[in-house]
Amino acid sequence: SKVSLFADVHVKHAHSFLENSLVSALEDTSKRAGADALIITGESTGKEVSEESLQAAYKFMKYSQSPIFVGSGANEKNIQKYKKMGFGIMIGSAIR
């Protein structure tokens with residue numbers, strides 16, 4: 001049986017010594033690290049992904065065909081937007 005690897009890119013509780021763009025990190029994590037799916041998050045638990053990051057991830061997802069999940073900040077107000085854009089959605093703190 002196959003195990004899929006979902007990798008968080010620009011993890012909300014970590015800081016990199018390198019300044020790399022979200023697209024660069026998505027590409028590196030997808031190709032070099034071999035992630036089956038990628039996760040983008042807001043700056044902290046429950047905060048939405050910035051519009052800039054959302055658009056960059058959307059463009060990357062379309063040309064790379066890599067599945068991307070929104071892993072922070074999804075709630076009843078924005079879930080349809082993420083769904084229409086084709087993102088997978090992970091919900092945690094919004095249902096507490």
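**Exercise 1. Determine whether Asn78 is buried or exposed, and find its partners.**

Step 1. At 4% relative accessibility, Asn78 counts as buried, because buried means under 20% relative accessible area, exposed over 50%, and partly exposed in between (1.4 Å probe, protein chains only). This is a predicted model, in which local features need pLDDT of at least 70 and side-chain atom pairs count only at pLDDT 80 or more, while totals for chains, interfaces and linings use all residues. Residues are numbered from 1 along each chain as its sequence is written, and side-chain values use heavy atoms, with hydrogens and water left out.

Step 2. Asn78 sits in the loop between E3 and H3. Helices (H or I, at least four residues) and strands (E, at least two) are DSSP runs, numbered from the N terminus.

Step 3. Apart from neighbours within four places in sequence, Asn78 is in contact with Glu48 and Gly73; contact means heavy atoms within 4.5 Å.

Step 4. With Glu48, Asn78 makes a polar contact from side chain to side chain at 3.3 Å. A polar contact is a pair of N or O atoms within 3.5 Å; within protein, one must be able to donate a hydrogen and the other to accept it, and residues adjacent in sequence count only if both atoms are side-chain atoms.

**Exercise 2. Lay out the elements and the sheet of the protein.**

Step 1. The protein has three helices and four strands, which run β-α-β-α-β-α-β from the N terminus.

Step 2. The four strands form an open sheet in the order E1-E2-E3-E4, with parallel pairing. The edge strands are E1 (6-8) and E4 (88-89), each of which pairs on one side only. Two strands pair if DSSP finds at least two bridges between them.

Step 3. E1 and E2 run parallel and are joined by three bridges, with Ala7 opposite Leu38 in E2. E2 and E3 also pair in the parallel sense over three bridges, and Ile40 stands opposite Val70 in E3.

Step 4. H2 packs on the sheet and touches E2 and E3, its direction making about 155° with that of E3. H1 lies across E1, E2 and E3, at about 150° to E2. Axes are lines fitted to C-alpha atoms, for helices over the stretch in contact, and angles run from 0 to 180 degrees between N-to-C directions.

**Exercise 3. Find which residues touch the most other members of the largest nonpolar core, and which elements supply the core.**

Step 1. A nonpolar core is a set of buried Ala, Val, Leu, Ile, Met, Phe, Trp, Tyr and Cys residues joined through side-chain atoms within 4.5 Å. Of the 20 residues in the largest one, Leu26, Ile40, Leu54, Ile68 and Phe87 touch the most other members.

Step 2. Two or more residues each come from H1 (22-31), E2 (37-40), H2 (51-64), E3 (68-70) and H3 (79-85). The largest share, five residues, comes from H2.

Step 3. Leaving aside neighbours within four places in sequence, Leu54 is in contact with Ile40, Val49, Val70, Lys81, Tyr82, Met85 and Phe87.

Step 4. On E2, Ala37 and Ile39 point one way and Leu38 and Ile40 the other way, and all are buried.
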